[in-house]
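Me: I would like to learn how to read a structural model feature by feature, moving from the general idea to the particular case. Could we work through one together?

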Amino acid sequence: MKQTPLLLAFLALASAAPAHAQGKVKVKIKPATNAPATKIKTTSAPAEKDWSVQYADQVTAERLRTHLAVLASDEYEGRETGQKGQHMAADYVATQFKAAGLTGPVTTGTDPYQQHFDVEQVTWADGATLKVGKTRYAWLTDFYGLGDSPFAQETSVKPVFVGYGIEQPGYSDYANVDVKGKDILVLMGEPTGDGGKALLSADGAPTKWGTDYRGKAQLAAQKGARTVFFVSFNPTSNFAKLTARMAPYISRPSMVMVGNDKPSRTPSFFISPAVGLAVLGTTDAAMQTYLSKINATKQPVAATFKVVPMQLKAERKREKLDTQNVLGFIEGTDKKEDIIVISAHHDHLGKHDGQVFNGADDDGSGTTAIITMAEAFAKAKQEGHGPRRSLLFLSVTGEEKGLFGSEYYSKHPIFPLASTELDLNVDMIGRTDVEHEGKPDYVYVIGSDKLASELKVILEAQNKQYGPIDLDYRFDDPADPNRFYYRSDHYNFAVNKVPVAFFFNGVHADYHQQSDEIEKIEFAKMEKRARLVFHTAWELANRDGRIVVDSNKP
C-alpha cells in the first residue's frame with residue numbers, strides 16, 4: 001500500500017510511543033516556560049483503505065456494454081468455434097488484454113496472448129445407405145446417426161439384441177452376454193406397468209434408462225460395444241416426426257478434439273420400427289408380446305428373434321480447423337507462484353439458416369466480464385496495488401462443442417495445475433431466469449464447496465461485505481437433472497482437483513436461440529454479479545493462506 005505524507009508523519013510520531021501502545025497515542029511536550037505541562041492527544045489511526053472497492057468501481061455497466069456491443073454484434077457471426085467470428089472474438093479479447101497492460105504468457109506461436117490448437121469439423125457424407133434383405137431404407141427417413149461412425153464403407157452388420165440395454169441391481173440385460181467389439185441393438189425406454197409407470201423405480205417415476213438414451217450408450221461403451229442401434233416399439237412414439245425435428249441438427253457440422261484417445265461417446269444410430277422389425281425378423285405383434293412378458297416378470301426375457309444382417313454405409317467427412325484460447329496474465333508479488341484463474345468462453349453457435357446466434361448472454365456476458373475485471377486488476381497493479389498472487393484471465397474456445405478449450409488448457413497448461421489455486425468461471429451473468437423473475441437480484445453459484453469448503457465461506461463473506469445478492473446453490477445437488485456442474489469450463493479444472501466456483505444466471509427462453517441479443521441484457525444485474533466475482537478474486541489473491549482442498553463432494 002502506498003503511504004501518503006500525512007500518514008508518514010503520523011507513523012514517525014507514533015514510533016516514539018511505547019511498543020504496547022494501541023490505537024490512540026499520548027505525547028507530553030516539555031513547556032518552554034514554567035507553564036504547566038500540556039497533554040496533546042492524537043486521533044485514532046485511520047483505517048486502511050479498501051482498495052477492492054476502488055478498483056471494483058472500474059467494473060461498470062457502461063464498460064461491460066462497450067465490450068459486449070462488439071462481441072455480440074452480427075459482424076462476429078455468432079463466434080462459432082474455428083470460424084471467422086470466433087477468431088475475431090479471440091483477437092478482440094487479446095487486444096483488450098494487451099491494451100490493459102496484461103502480459104501474454106504463451107511461448108509458442110506468433111501471439112503470446114493466444115493458445116492455438118486444432119479441432120475437426122465433422123459432417124455426414126452424402127450417400128448413406130441401409131439395406132435389410134432386399135429392402136432399402138433412406139437416411140433421415142428410416143435411420144440416422146449421432147456421433148462417430150465406423151461404417152465409411154458398406155459393411156455387413158449383424159447386431160446383438162440386448163433388450164432394453166439396462167443394468168442395475170436386480171435387473172441386467174447384459175448377464176452372460178459378451179458384447180465387446182460388437183454392434184448391439186437396444187430398445188428405447190424401460191419396462192412399464194399400468195399407466196406407464198416405470199417398474200424399475202421405487203415410486204414408478206421414470207428412471208434414467210427411460211428418459212435419456214445416453215445412459216444406455218455410456219453403459220454399452222463400458223461393456224466394450226462398438227456401436228449401438230436404438231429402436232422404439234412404443235405405439236405412442238413417432239419416429240418420422242422425431243426424425244424431421246432432428247434433421248437440421250443432424251445435418252449441421254459437429255466438432256471433435258484432435259488427438260483425443262477415444263470418442264466422447266459410443267457411436268449411436270437410430271432406426272425406425274420398420275427397420276427394427278426387419279432386423280429382428282419379427283412382427284409388431286410378436287414384439288409387443290415379448291415386451292409384455294418383460295413387464296409382467298420385471299426381468300429380462302430371453303429373445304427368440306432371428307437377427308438378420310443389414311448392409312450399412314454412413315461415412316463421416318472430417319476437416320481440420322484451427323481455434324484458440326486467449327490468455328492474459330498479471331504477475332503477483334510475494335505469492336506469485338500461486339495462480340488464480342478467472343475464465344469464460346468467447347465462442348457461441350455461429351450462423352444457421354441465415355440467422356446469427358449472437359450469444360449476448362451465453363457467453364458474451366461472461367467474456368466481457370472477465371475483460372472488464374482484467375482491466376480493473378491491471379489498473380490496480382499499475383497504481384501500486386497489484387495482487388499478491390498471480391491472475392490468469394482465460395477466455396476459452398469450443399465450450400459449446402464440448403468444453404474443448406478448457407480441456408485443451410487442462411492438458412497443456414501454461415502454468416502447472418499444481419500451482420493453480422482455483423478457477424472462478426463466469427458463464428451467463430446478464431439475464432434473469434423464470435425462477436427469479438420479480439425477486440431480488442441473485443446469481444447461481446455452482447461447485448464452490450465441492451473441493452474446497454473454504455472457497456464457499458470466502459465467497460459468502462465477500463458477498464455480505466459488498467452489497468449482498470442472493471446466492472442460489474440449488475444446482476449443487478448431485479441429483480440436478482440439468483447437470484450444470486458438468487456443463488461449463490470450470491469442470492475441466494475440477495476433474496484435476498482444482499477448486500472451482502461457477503457463476504451463472506440460469507437458462508431462459510432465449511438460451512441457445514438467435515434471440516439472445518444485447519438488447520435483453522440487464523446490465524445493472526450484470527455489474528453486480530461481475531463485481532462479486534471481482535471482490536472474491538481480490539480477496540483470494542491477497543489473503544495470507546492458500547485455500548485447501550479438503551472436500552470431495554459429488
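What follows is a conversation about this predicted model, from its overall build to single residues.

Me: How many helices and strands does the protein chain have, and what box do its C-alpha atoms fill?

Reply: The predicted chain has 15 helices and 24 strands, and its C-alpha atoms fill a box of roughly 125 × 50 × 40 Å along the principal axes. Of the 554 residues, 50% are buried. Among contacts between residues at least 6 apart in sequence, 82% join residues at least 24 apart.

Me: How should I read a single helix, and which residues of α8 are buried?

Reply: The general idea is that an α-helix has 3.6 residues a turn, so residues three or four places apart point the same way. In helix α8, which covers residues 273-280, the buried residues are V275, G276, L277, V279 and L280. The residue that follows α8 is G281, with a positive phi near 60 degrees.

Me: What span does α15 have, and is it enclosed or open?

Reply: Helix α15, residues 523-542, has 20 residues and reaches 28 Å from its first C-alpha to its last, close to the 28 Å expected at 1.5 Å a residue. It is largely enclosed by the rest of the structure, because 15 of its 20 residues are buried.

Me: Which residues does T432 touch, and where does T432 lie?

Reply: T432 lies in the loop between β21 (420-426) and β22 (442-446), and it counts as buried because its relative accessible area is 12%, below the 20% cut-off. Leaving aside residues up to four places away in sequence, T432 touches E437, Y442, H508, E522, K525 and R529. Two polar contacts run from its side chain, one to the side chain of E522 at 2.9 Å and another to the side chain of K525 at 2.6 Å. T432 and H508 also show how sequence and space can be read side by side, since they are 76 residues apart in sequence and 7.3 Å apart in space, C-alpha to C-alpha.

Me: Where is K439, and is K439 buried, partly exposed or exposed?

Reply: K439 is placed in the loop between β21 and β22, and with a relative accessible area of 48% it is partly exposed. Its side chain reaches the backbone oxygen of E435 at 3.0 Å. For the pair K439 and D516, the separation is 77 residues in sequence and 22 Å in space, again C-alpha to C-alpha.

Me: How would I read a buried asparagine, taking N463 as the case, and what does its side chain reach?

Reply: One asks where the residue sits, how accessible it is and what surrounds it. N463 is part of helix α13, residues 453-465, and its 7% relative accessibility makes it buried. Its side chain reaches the backbone oxygen of I469 at 2.9 Å, and, with residues up to four places away in sequence not counted, N463 touches P468, I469, L471 and L532. N492, in helix α14 (residues 491-494), is buried at 10%, and under that exclusion it touches L403, S406, E407 and S410.

Me: What is there to say about backbone geometry, and which residues does a cis peptide bond join?

Reply: As a general rule, most residues other than glycine have a negative phi, and most peptide bonds are trans. Here a cis peptide bond joins D362 and D363, with omega about -10 degrees, and D363 lies in helix α10, residues 360-382. R79 has a positive phi near 55 degrees; it lies in the loop between α3 (61-71) and α4 (84-100) and is buried, with a relative accessible area of 1%. N176 has a positive phi near 60 degrees and is found in the loop between β10 (171-172) and β11 (183-187), where it is exposed at 85%.

Me: Finally, how many cavities of 30 Å³ or more are there, and which residues line the largest cavity?

Reply: There is 1 cavity of 30 Å³ or more, and about 60 Å³ of space lies in the largest cavity. Its lining consists of K450, F475, D476, D477, P478, D480, R483, Y485, Y486 and P554, which by class gives 5 nonpolar, no polar and 5 charged residues.

Methods. Residues numbered from 1 in each chain as written. Predicted model: local features only at pLDDT ≥ 70, side-chain atom pairs only at ≥ 80, totals over all residues. Heavy atoms only, no water. 1 Å grid on protein atoms, 1.4 Å probe; cavity = no way out; pocket = protein on both sides within 12 Å on 5 of 7 lines; lining within 4 Å. Points joined across faces, edges and corners; volume = space filled by probe spheres on them. Nonpolar A, V, L, I, M, F, W, Y, C, P; charged D, E, K, R; others polar. Helix = DSSP H or I, 4+ residues; strand = E, 2+ residues; numbered from the N terminus. Buried < 20%, exposed > 50% of the residue type's maximum accessible area, 1.4 Å probe, protein only. Polar contact = N/O pair within 3.5 Å; in protein donor to acceptor, adjacent residues only side chain to side chain. Contact = heavy atoms within 4.5 Å. Expected span 1.5 Å × (residues − 1).
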